[in-house]
Amino acid sequence: MTAEIWDVIIVGAGLSGLSAAHLLRKRDATLKILVLEGKNRVGGRTVSYEIPAASGADLWDFGGQWVTSTQTHVMELIKELGLEVYSQFNTGKKVLHVGGPTARVRTYTSSIPALSPLVLLDLTLLLWKIDTLSGTVCVHDPLKTPNAVELDSMTLHSYIEQHAWTAELKEQIGVCSRSVFGMEPSQMSFLFFLMYSAAAGGLLALLESTPGCAQEFKIKGGTQQLSKCLAERVGWKNVRLGSAVTTIWQDAEWARVTTNNDTFLCRAVIVTCPPHLAAKIQYQPPLPSMREFLTQNMPVGHMMKFIITYQTAFWKEKGFSGEIVTGSSSECPFCITYDATSPRGNPALVGFFAGHLASHWSEKEAGERREAVVSSLVKYLGPEAAVYIHYEEKDWAKEEYSGGCPVNVMAPGFLTYYHPSLRKPCGSGSWWMAAYTEPGSSGGFFLLKGSCPLHGRYMLV
(Lines give C-alpha, C1' and ligand atoms only; values in the text may rest on other atoms or scores of the structure.)
Protein backbone atom coordinates (compact mmCIF):
# COMPACT_ATOMS: atom_id res chain seq x y z
CA MET A 1 0.00 0.00 0.00
CA THR A 2 1.24 3.48 -0.86
CA ALA A 3 1.77 5.80 2.09
CA GLU A 4 0.34 8.81 0.27
CA ILE A 5 -3.27 9.75 1.02
CA TRP A 6 -5.31 11.25 -1.81
CA ASP A 7 -8.26 13.59 -1.51
CA VAL A 8 -10.08 12.01 -4.44
CA ILE A 9 -9.50 8.86 -6.47
CA ILE A 10 -11.32 8.64 -9.78
CA VAL A 11 -11.88 5.25 -11.37
CA GLY A 12 -11.66 5.53 -15.16
CA ALA A 13 -9.70 7.82 -17.48
CA GLY A 14 -12.39 8.31 -20.10
CA LEU A 15 -14.17 11.59 -20.69
CA SER A 16 -16.28 11.38 -17.53
CA GLY A 17 -13.35 10.57 -15.25
CA LEU A 18 -10.91 13.09 -16.66
CA SER A 19 -13.60 15.78 -16.86
CA ALA A 20 -14.39 15.19 -13.19
CA ALA A 21 -10.70 15.50 -12.31
CA HIS A 22 -10.36 18.65 -14.41
CA LEU A 23 -13.40 20.33 -12.86
CA LEU A 24 -12.30 19.47 -9.33
CA ARG A 25 -8.82 20.79 -10.04
CA LYS A 26 -10.32 24.05 -11.35
CA ARG A 27 -12.42 24.37 -8.22
CA ASP A 28 -9.55 23.69 -5.83
CA ALA A 29 -6.03 23.42 -7.24
CA THR A 30 -4.70 22.09 -3.92
CA LEU A 31 -6.70 18.86 -4.12
CA LYS A 32 -4.66 15.68 -4.52
CA ILE A 33 -6.43 13.78 -7.27
CA LEU A 34 -5.49 10.37 -8.67
CA VAL A 35 -7.09 8.83 -11.78
CA LEU A 36 -6.87 5.03 -12.15
CA GLU A 37 -7.39 3.42 -15.57
CA GLY A 38 -7.38 -0.26 -16.48
CA LYS A 39 -6.45 0.28 -20.13
CA ASN A 40 -2.97 1.26 -21.30
CA ARG A 41 -4.37 4.51 -22.68
CA VAL A 42 -6.84 7.28 -21.82
CA GLY A 43 -10.04 7.92 -23.70
CA GLY A 44 -12.38 5.08 -22.77
CA ARG A 45 -14.57 4.41 -25.79
CA THR A 46 -12.82 7.07 -27.85
CA VAL A 47 -9.61 6.07 -29.61
CA SER A 48 -7.86 7.53 -32.65
CA TYR A 49 -5.01 6.02 -34.68
CA GLU A 50 -3.42 6.13 -38.10
CA ILE A 51 -4.06 3.79 -41.00
CA PRO A 52 -2.80 3.86 -44.61
CA ALA A 53 -4.51 6.44 -46.84
CA ALA A 54 -4.21 8.13 -50.23
CA SER A 55 -1.48 10.57 -49.19
CA GLY A 56 0.18 8.31 -46.63
CA ALA A 57 -0.94 7.48 -43.10
CA ASP A 58 -3.78 9.54 -41.67
CA LEU A 59 -5.76 9.61 -38.42
CA TRP A 60 -9.30 8.33 -37.90
CA ASP A 61 -11.55 7.73 -34.90
CA PHE A 62 -12.36 4.09 -34.18
CA GLY A 63 -14.64 4.89 -31.26
CA GLY A 64 -17.03 7.77 -30.61
CA GLN A 65 -16.49 10.49 -33.18
CA TRP A 66 -19.42 12.90 -33.51
CA VAL A 67 -20.46 15.93 -31.47
CA THR A 68 -23.24 18.43 -32.04
CA SER A 69 -23.87 22.08 -31.25
CA THR A 70 -26.69 21.11 -28.86
CA GLN A 71 -24.19 19.20 -26.66
CA THR A 72 -23.19 22.43 -24.99
CA HIS A 73 -20.89 20.94 -22.37
CA VAL A 74 -18.66 19.06 -24.75
CA MET A 75 -18.65 21.99 -27.19
CA GLU A 76 -17.50 24.27 -24.37
CA LEU A 77 -14.80 21.77 -23.49
CA ILE A 78 -13.61 21.62 -27.12
CA LYS A 79 -13.36 25.41 -27.13
CA GLU A 80 -11.57 25.48 -23.76
CA LEU A 81 -8.99 22.95 -24.99
CA GLY A 82 -8.38 24.92 -28.21
CA LEU A 83 -9.60 22.16 -30.54
CA GLU A 84 -11.56 22.55 -33.78
CA VAL A 85 -14.55 20.79 -35.28
CA TYR A 86 -15.57 20.28 -38.90
CA SER A 87 -18.92 19.33 -40.42
CA GLN A 88 -19.96 15.83 -41.39
CA PHE A 89 -20.19 15.70 -45.20
CA ASN A 90 -23.80 14.97 -46.20
CA THR A 91 -24.25 16.45 -49.67
CA GLY A 92 -25.66 14.14 -52.33
CA LYS A 93 -27.80 11.04 -52.63
CA LYS A 94 -28.33 8.68 -49.69
CA VAL A 95 -28.94 4.98 -50.21
CA LEU A 96 -31.73 3.01 -48.51
CA HIS A 97 -32.11 -0.77 -48.74
CA VAL A 98 -34.67 -2.47 -46.52
CA GLY A 99 -36.97 -5.42 -47.12
CA GLY A 100 -34.35 -8.08 -47.76
CA PRO A 101 -31.62 -8.71 -50.35
CA THR A 102 -34.05 -8.75 -53.30
CA ALA A 103 -35.85 -5.52 -52.37
CA ARG A 104 -35.36 -2.41 -54.50
CA VAL A 105 -32.42 -0.17 -53.59
CA ARG A 106 -33.64 3.41 -53.31
CA THR A 107 -31.89 6.77 -53.14
CA TYR A 108 -33.05 10.04 -51.62
CA THR A 109 -31.67 13.46 -50.68
CA SER A 110 -34.05 14.66 -47.95
CA SER A 111 -34.10 13.72 -44.26
CA ILE A 112 -37.05 11.38 -44.94
CA PRO A 113 -36.37 8.40 -47.25
CA ALA A 114 -38.25 7.84 -50.50
CA LEU A 115 -41.16 5.76 -49.22
CA SER A 116 -44.50 4.60 -50.55
CA PRO A 117 -47.46 6.82 -49.54
CA LEU A 118 -48.65 4.24 -46.99
CA VAL A 119 -45.24 3.84 -45.33
CA LEU A 120 -44.73 7.61 -45.38
CA LEU A 121 -48.06 8.12 -43.62
CA ASP A 122 -47.12 5.40 -41.12
CA LEU A 123 -43.75 7.07 -40.47
CA THR A 124 -45.26 10.54 -40.10
CA LEU A 125 -47.80 9.38 -37.52
CA LEU A 126 -45.24 7.33 -35.60
CA LEU A 127 -42.75 10.22 -35.43
CA TRP A 128 -45.54 12.48 -34.19
CA LYS A 129 -46.52 9.98 -31.49
CA ILE A 130 -42.93 9.44 -30.33
CA ASP A 131 -42.01 13.12 -30.34
CA THR A 132 -45.24 13.95 -28.50
CA LEU A 133 -44.48 11.37 -25.83
CA SER A 134 -40.83 12.51 -25.66
CA GLY A 135 -42.09 16.02 -24.98
CA THR A 136 -43.81 14.79 -21.82
CA VAL A 137 -40.69 13.10 -20.43
CA CYS A 138 -38.92 14.72 -17.50
CA VAL A 139 -35.31 13.98 -18.45
CA HIS A 140 -33.87 14.78 -15.01
CA ASP A 141 -36.54 12.82 -13.14
CA PRO A 142 -38.26 10.24 -15.37
CA LEU A 143 -40.60 9.29 -12.47
CA LYS A 144 -42.43 12.58 -13.08
CA THR A 145 -43.29 11.53 -16.64
CA PRO A 146 -47.04 10.90 -17.14
CA ASN A 147 -47.74 7.15 -17.28
CA ALA A 148 -44.09 6.47 -16.47
CA VAL A 149 -44.71 2.97 -15.08
CA GLU A 150 -46.74 1.95 -18.12
CA LEU A 151 -44.16 3.31 -20.59
CA ASP A 152 -41.34 1.65 -18.66
CA SER A 153 -43.11 -1.71 -18.61
CA MET A 154 -42.88 -2.09 -22.39
CA THR A 155 -39.97 -2.34 -24.81
CA LEU A 156 -39.44 -0.18 -27.85
CA HIS A 157 -40.31 -3.27 -29.90
CA SER A 158 -43.66 -3.82 -28.18
CA TYR A 159 -44.61 -0.17 -28.69
CA ILE A 160 -43.70 -0.28 -32.37
CA GLU A 161 -45.68 -3.50 -32.83
CA GLN A 162 -48.75 -1.74 -31.42
CA HIS A 163 -48.40 1.57 -33.27
CA ALA A 164 -46.71 0.90 -36.63
CA TRP A 165 -48.69 -0.74 -39.42
CA THR A 166 -46.13 -1.53 -42.09
CA ALA A 167 -43.34 -4.11 -42.01
CA GLU A 168 -40.99 -1.66 -43.74
CA LEU A 169 -41.33 0.96 -41.02
CA LYS A 170 -40.84 -1.67 -38.30
CA GLU A 171 -37.62 -2.74 -40.02
CA GLN A 172 -36.41 0.85 -40.24
CA ILE A 173 -36.99 1.37 -36.52
CA GLY A 174 -34.81 -1.68 -35.98
CA VAL A 175 -32.06 -0.03 -38.04
CA CYS A 176 -32.42 3.16 -35.96
CA SER A 177 -32.17 1.21 -32.70
CA ARG A 178 -29.05 -0.64 -33.81
CA SER A 179 -27.40 2.53 -35.17
CA VAL A 180 -27.99 4.61 -32.03
CA PHE A 181 -27.84 2.05 -29.19
CA GLY A 182 -26.12 -1.01 -30.69
CA MET A 183 -29.22 -2.90 -29.51
CA GLU A 184 -32.39 -4.43 -30.85
CA PRO A 185 -35.71 -2.66 -30.05
CA SER A 186 -36.73 -5.64 -27.89
CA GLN A 187 -33.82 -5.08 -25.49
CA MET A 188 -34.61 -1.68 -23.99
CA SER A 189 -37.31 0.08 -22.03
CA PHE A 190 -39.55 2.30 -24.14
CA LEU A 191 -39.40 4.99 -21.44
CA PHE A 192 -35.61 4.89 -21.60
CA PHE A 193 -35.83 5.32 -25.39
CA LEU A 194 -38.15 8.31 -24.93
CA MET A 195 -35.85 9.87 -22.31
CA TYR A 196 -32.85 9.46 -24.60
CA SER A 197 -34.76 11.01 -27.52
CA ALA A 198 -35.99 13.87 -25.36
CA ALA A 199 -32.44 14.63 -24.20
CA ALA A 200 -31.36 14.85 -27.85
CA GLY A 201 -34.25 17.08 -28.92
CA GLY A 202 -36.30 14.42 -30.70
CA LEU A 203 -35.88 11.15 -32.56
CA LEU A 204 -34.71 12.65 -35.86
CA ALA A 205 -32.06 14.66 -33.98
CA LEU A 206 -30.47 11.32 -33.01
CA LEU A 207 -30.36 10.12 -36.61
CA GLU A 208 -29.44 13.09 -38.77
CA SER A 209 -26.22 14.92 -39.61
CA THR A 210 -27.85 18.32 -40.16
CA PRO A 211 -27.24 21.29 -37.80
CA GLY A 212 -28.22 20.49 -34.22
CA CYS A 213 -28.32 16.74 -34.83
CA ALA A 214 -26.14 13.96 -33.42
CA GLN A 215 -23.81 13.51 -36.41
CA GLU A 216 -23.23 17.25 -37.02
CA PHE A 217 -19.49 17.67 -36.31
CA LYS A 218 -16.25 15.73 -35.96
CA ILE A 219 -13.12 16.90 -34.15
CA LYS A 220 -9.98 17.66 -36.12
CA GLY A 221 -7.29 15.33 -34.86
CA GLY A 222 -9.79 12.88 -33.33
CA THR A 223 -11.94 12.70 -30.22
CA GLN A 224 -9.30 10.95 -28.12
CA GLN A 225 -7.57 14.34 -27.99
CA LEU A 226 -10.19 15.45 -25.48
CA SER A 227 -8.99 12.90 -22.94
CA LYS A 228 -5.32 13.44 -23.74
CA CYS A 229 -5.66 17.20 -23.29
CA LEU A 230 -7.57 16.75 -20.03
CA ALA A 231 -4.88 14.36 -18.77
CA GLU A 232 -2.30 17.06 -19.47
CA ARG A 233 -4.36 19.58 -17.50
CA VAL A 234 -4.76 17.18 -14.59
CA GLY A 235 -1.12 16.10 -14.86
CA TRP A 236 0.00 12.79 -16.35
CA LYS A 237 1.72 11.99 -13.06
CA ASN A 238 -1.76 11.82 -11.54
CA VAL A 239 -3.05 9.34 -14.13
CA ARG A 240 -2.10 5.68 -13.62
CA LEU A 241 -2.63 3.49 -16.70
CA GLY A 242 -2.80 -0.30 -16.51
CA SER A 243 -4.33 0.04 -13.05
CA ALA A 244 -7.66 -1.75 -13.10
CA VAL A 245 -9.59 -1.27 -9.85
CA THR A 246 -10.71 -4.56 -8.33
CA THR A 247 -11.98 -3.60 -4.85
CA ILE A 248 -13.10 -0.50 -2.97
CA TRP A 249 -13.31 -0.80 0.82
CA GLN A 250 -14.70 1.88 3.10
CA ASP A 251 -14.60 2.50 6.81
CA ALA A 252 -15.58 5.45 8.95
CA GLU A 253 -12.51 7.45 7.98
CA TRP A 254 -11.00 6.31 4.68
CA ALA A 255 -11.65 4.52 1.43
CA ARG A 256 -9.12 1.93 0.29
CA VAL A 257 -8.90 1.38 -3.46
CA THR A 258 -7.09 -1.73 -4.69
CA THR A 259 -5.91 -2.24 -8.26
CA ASN A 260 -4.25 -5.21 -9.92
CA ASN A 261 -0.87 -3.96 -8.65
CA ASP A 262 -1.31 -1.50 -5.74
CA THR A 263 -3.57 -0.14 -2.99
CA PHE A 264 -4.36 3.53 -2.33
CA LEU A 265 -5.97 5.43 0.53
CA CYS A 266 -8.27 8.40 -0.11
CA ARG A 267 -11.08 10.50 1.30
CA ALA A 268 -13.46 10.23 -1.68
CA VAL A 269 -13.92 7.90 -4.65
CA ILE A 270 -15.67 8.65 -7.93
CA VAL A 271 -16.43 5.64 -10.13
CA THR A 272 -16.85 6.75 -13.75
CA CYS A 273 -16.76 3.51 -15.69
CA PRO A 274 -19.99 2.31 -17.38
CA PRO A 275 -22.48 0.46 -15.16
CA HIS A 276 -21.69 -3.03 -16.46
CA LEU A 277 -18.00 -2.50 -15.59
CA ALA A 278 -18.68 -0.78 -12.25
CA ALA A 279 -20.65 -3.91 -11.30
CA LYS A 280 -17.47 -6.00 -11.57
CA ILE A 281 -15.72 -4.08 -8.78
CA GLN A 282 -15.99 -5.60 -5.30
CA TYR A 283 -17.35 -3.13 -2.73
CA GLN A 284 -17.15 -3.38 1.05
CA PRO A 285 -19.57 -2.63 2.53
CA PRO A 286 -21.70 -3.69 -0.45
CA LEU A 287 -23.43 -1.07 -2.53
CA PRO A 288 -27.09 -0.43 -1.69
CA SER A 289 -29.29 -3.10 -3.25
CA MET A 290 -31.01 -0.62 -5.59
CA ARG A 291 -27.66 0.41 -7.01
CA GLU A 292 -26.62 -3.23 -7.41
CA PHE A 293 -29.83 -4.12 -9.23
CA LEU A 294 -29.33 -1.16 -11.54
CA THR A 295 -25.74 -1.92 -12.55
CA GLN A 296 -26.69 -5.54 -13.21
CA ASN A 297 -29.53 -4.54 -15.53
CA MET A 298 -28.05 -1.85 -17.74
CA PRO A 299 -26.73 -3.89 -20.68
CA VAL A 300 -24.29 -2.35 -23.13
CA GLY A 301 -24.73 -2.37 -26.89
CA HIS A 302 -22.64 -4.33 -29.35
CA MET A 303 -21.10 -2.33 -32.18
CA MET A 304 -18.22 -2.89 -34.57
CA LYS A 305 -16.79 0.01 -36.53
CA PHE A 306 -14.81 -0.02 -39.75
CA ILE A 307 -12.90 2.54 -41.80
CA ILE A 308 -12.09 1.82 -45.45
CA THR A 309 -9.78 4.23 -47.29
CA TYR A 310 -9.68 4.98 -51.01
CA GLN A 311 -7.52 6.82 -53.52
CA THR A 312 -10.43 9.04 -54.56
CA ALA A 313 -13.84 9.91 -53.10
CA PHE A 314 -15.59 8.28 -56.05
CA TRP A 315 -18.97 8.37 -54.29
CA LYS A 316 -18.86 12.17 -54.23
CA GLU A 317 -17.93 12.23 -57.91
CA LYS A 318 -21.00 10.09 -58.60
CA GLY A 319 -23.30 12.35 -56.56
CA PHE A 320 -23.54 10.20 -53.41
CA SER A 321 -23.12 11.49 -49.85
CA GLY A 322 -21.64 8.20 -48.63
CA GLU A 323 -24.60 7.52 -46.35
CA ILE A 324 -26.05 4.02 -46.76
CA VAL A 325 -28.85 2.66 -44.56
CA THR A 326 -29.57 -1.07 -44.68
CA GLY A 327 -31.92 -3.44 -42.92
CA SER A 328 -31.18 -6.89 -41.56
CA SER A 329 -29.56 -9.06 -44.20
CA SER A 330 -27.46 -12.18 -44.33
CA GLU A 331 -25.37 -10.57 -47.09
CA CYS A 332 -24.68 -7.04 -45.83
CA PRO A 333 -23.03 -6.84 -42.39
CA PHE A 334 -23.37 -3.10 -41.77
CA CYS A 335 -26.45 -1.08 -40.89
CA ILE A 336 -25.16 2.38 -41.81
CA THR A 337 -22.19 4.14 -43.42
CA TYR A 338 -21.06 7.76 -43.80
CA ASP A 339 -18.39 9.69 -45.64
CA ALA A 340 -15.25 9.74 -43.50
CA THR A 341 -12.91 11.84 -45.63
CA SER A 342 -10.28 13.28 -43.29
CA PRO A 343 -9.57 17.01 -42.77
CA ARG A 344 -6.43 16.44 -44.87
CA GLY A 345 -8.61 15.27 -47.76
CA ASN A 346 -7.89 11.53 -47.60
CA PRO A 347 -11.04 9.75 -48.88
CA ALA A 348 -12.66 7.14 -46.64
CA LEU A 349 -15.98 5.64 -45.60
CA VAL A 350 -16.98 4.68 -42.06
CA GLY A 351 -19.57 2.06 -41.21
CA PHE A 352 -21.03 0.10 -38.33
CA PHE A 353 -22.14 -3.45 -37.60
CA ALA A 354 -24.57 -3.23 -34.69
CA GLY A 355 -26.97 -5.20 -32.54
CA HIS A 356 -27.61 -8.79 -33.56
CA LEU A 357 -25.71 -8.22 -36.82
CA ALA A 358 -22.57 -7.37 -34.82
CA SER A 359 -23.01 -10.49 -32.71
CA HIS A 360 -23.47 -12.62 -35.83
CA TRP A 361 -20.57 -11.20 -37.84
CA SER A 362 -18.13 -10.98 -34.92
CA GLU A 363 -18.00 -14.79 -34.93
CA LYS A 364 -16.77 -14.88 -38.53
CA GLU A 365 -13.22 -14.46 -39.80
CA ALA A 366 -11.95 -10.91 -40.36
CA GLY A 367 -11.41 -11.62 -44.06
CA GLU A 368 -15.01 -12.76 -44.49
CA ARG A 369 -16.30 -9.57 -42.84
CA ARG A 370 -14.04 -7.44 -45.06
CA GLU A 371 -15.21 -9.18 -48.23
CA ALA A 372 -18.87 -8.77 -47.21
CA VAL A 373 -18.36 -5.05 -46.55
CA VAL A 374 -16.60 -4.45 -49.86
CA SER A 375 -19.14 -6.43 -51.90
CA SER A 376 -21.98 -4.50 -50.24
CA LEU A 377 -20.30 -1.16 -51.00
CA VAL A 378 -19.91 -2.26 -54.62
CA LYS A 379 -23.62 -3.09 -54.71
CA TYR A 380 -24.66 0.32 -53.39
CA LEU A 381 -21.97 2.70 -54.70
CA GLY A 382 -20.51 0.99 -57.75
CA PRO A 383 -17.50 -1.13 -58.82
CA GLU A 384 -15.03 1.57 -57.74
CA ALA A 385 -15.64 0.45 -54.14
CA ALA A 386 -13.76 -2.79 -54.82
CA VAL A 387 -10.44 -0.96 -55.25
CA TYR A 388 -9.53 0.27 -51.78
CA ILE A 389 -6.29 1.13 -49.99
CA HIS A 390 -6.92 -0.23 -46.49
CA TYR A 391 -9.70 -1.73 -44.39
CA GLU A 392 -9.55 -1.53 -40.57
CA GLU A 393 -12.17 -2.55 -38.02
CA LYS A 394 -12.66 -2.52 -34.26
CA ASP A 395 -15.00 -4.75 -32.25
CA TRP A 396 -15.70 -2.90 -29.00
CA ALA A 397 -17.22 -5.96 -27.37
CA LYS A 398 -13.74 -7.51 -27.41
CA GLU A 399 -12.00 -4.44 -25.98
CA GLU A 400 -10.93 -5.09 -22.41
CA TYR A 401 -12.41 -2.62 -19.92
CA SER A 402 -15.05 -1.59 -22.45
CA GLY A 403 -16.99 -4.76 -23.26
CA GLY A 404 -19.26 -3.08 -25.78
CA CYS A 405 -20.50 0.24 -27.10
CA PRO A 406 -21.87 2.80 -27.76
CA VAL A 407 -24.09 3.13 -24.65
CA ASN A 408 -25.71 1.27 -21.79
CA VAL A 409 -29.49 1.09 -21.79
CA MET A 410 -32.07 0.25 -19.16
CA ALA A 411 -34.18 -2.88 -19.34
CA PRO A 412 -37.97 -2.53 -18.88
CA GLY A 413 -39.03 -1.68 -15.33
CA PHE A 414 -35.67 -0.45 -14.08
CA LEU A 415 -35.91 3.23 -14.97
CA THR A 416 -38.98 3.87 -12.81
CA TYR A 417 -37.87 1.73 -9.87
CA TYR A 418 -34.09 2.12 -9.72
CA HIS A 419 -33.20 5.32 -11.58
CA PRO A 420 -32.78 7.48 -8.41
CA SER A 421 -29.86 5.31 -7.30
CA LEU A 422 -27.92 6.16 -10.48
CA ARG A 423 -27.09 9.62 -9.15
CA LYS A 424 -27.27 9.03 -5.41
CA PRO A 425 -23.89 8.87 -3.60
CA CYS A 426 -23.10 5.66 -1.76
CA GLY A 427 -21.29 5.60 1.56
CA SER A 428 -20.79 7.65 4.71
CA GLY A 429 -19.36 11.09 5.35
CA SER A 430 -20.43 14.63 6.03
CA TRP A 431 -19.77 16.06 2.58
CA TRP A 432 -21.07 14.75 -0.70
CA MET A 433 -20.54 15.45 -4.33
CA ALA A 434 -23.47 14.45 -6.50
CA ALA A 435 -22.00 14.05 -9.94
CA TYR A 436 -23.55 12.76 -13.11
CA THR A 437 -23.38 12.91 -16.87
CA GLU A 438 -25.66 14.61 -19.34
CA PRO A 439 -28.97 12.74 -19.73
CA GLY A 440 -28.73 10.05 -22.36
CA SER A 441 -25.01 9.47 -22.03
CA SER A 442 -23.64 6.03 -21.30
CA GLY A 443 -21.03 6.79 -18.70
CA GLY A 444 -21.65 8.50 -15.42
CA PHE A 445 -20.19 8.41 -12.00
CA PHE A 446 -21.24 8.07 -8.40
CA LEU A 447 -19.49 8.97 -5.17
CA LEU A 448 -18.66 6.12 -2.84
CA LYS A 449 -16.98 7.84 0.07
CA GLY A 450 -17.29 11.50 0.93
CA SER A 451 -15.43 13.07 3.82
CA CYS A 452 -13.67 15.93 2.06
CA PRO A 453 -15.30 19.32 1.46
CA LEU A 454 -16.58 18.75 -2.05
CA HIS A 455 -20.14 19.31 -3.07
CA GLY A 456 -22.28 20.55 -5.92
CA ARG A 457 -23.31 19.10 -9.26
CA TYR A 458 -21.35 18.84 -12.46
CA MET A 459 -22.75 18.18 -15.88
CA LEU A 460 -20.35 16.12 -17.97
CA VAL A 461 -20.50 14.51 -21.36
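Trainee: What radius of gyration does the chain have, and why does it agree with a compact globule?
Mentor: This is a predicted model, where local features need pLDDT of at least 70, side-chain atom pairs count only at pLDDT 80 or more, and totals for chains, interfaces and linings use all residues. Residues are numbered from 1 along each chain as its sequence is written, and side-chain values use heavy atoms, without hydrogens and water. The globule rule is 2.2 Å times the number of residues to the power 0.38, and the radius is taken over C-alpha atoms. With 461 residues, a compact globule would come near 23 Å, so the chain agrees at 22 Å.

Trainee: How many of the 461 residues, in per cent, count as buried?
Mentor: Buried means under 20% relative accessible area (1.4 Å probe, protein chains only). By that cut-off, the share of buried residues in the chain is 57%.

Trainee: Which share of contacts joins residues at least 24 apart?
Mentor: A contact means heavy atoms within 4.5 Å. Take the contacts between residues at least 6 apart in sequence; the share joining residues at least 24 apart is 71%.

Trainee: What is the distance between the end C-alpha atoms of helix H1?
Mentor: Helices are DSSP runs (H or I, at least four residues), numbered from the N terminus. The expected span is 1.5 Å times one less than the number of residues. H1 covers residues 15-27, so its 13 residues should span 18 Å; the distance agrees, at 18 Å.

Trainee: Is H1 largely enclosed or not, and how many of its residues are buried?
Mentor: The buried residues of H1 include Leu-15, His-22 and Arg-25. H1 is largely enclosed by the rest of the structure, because the buried count among its 13 residues is ten.

Notes. Buried means under 20% relative accessible area, exposed over 50%, partly exposed in between (1.4 Å probe, protein chains only). Helices (H or I, at least four residues) and strands (E, at least two) are DSSP runs, numbered from the N terminus.
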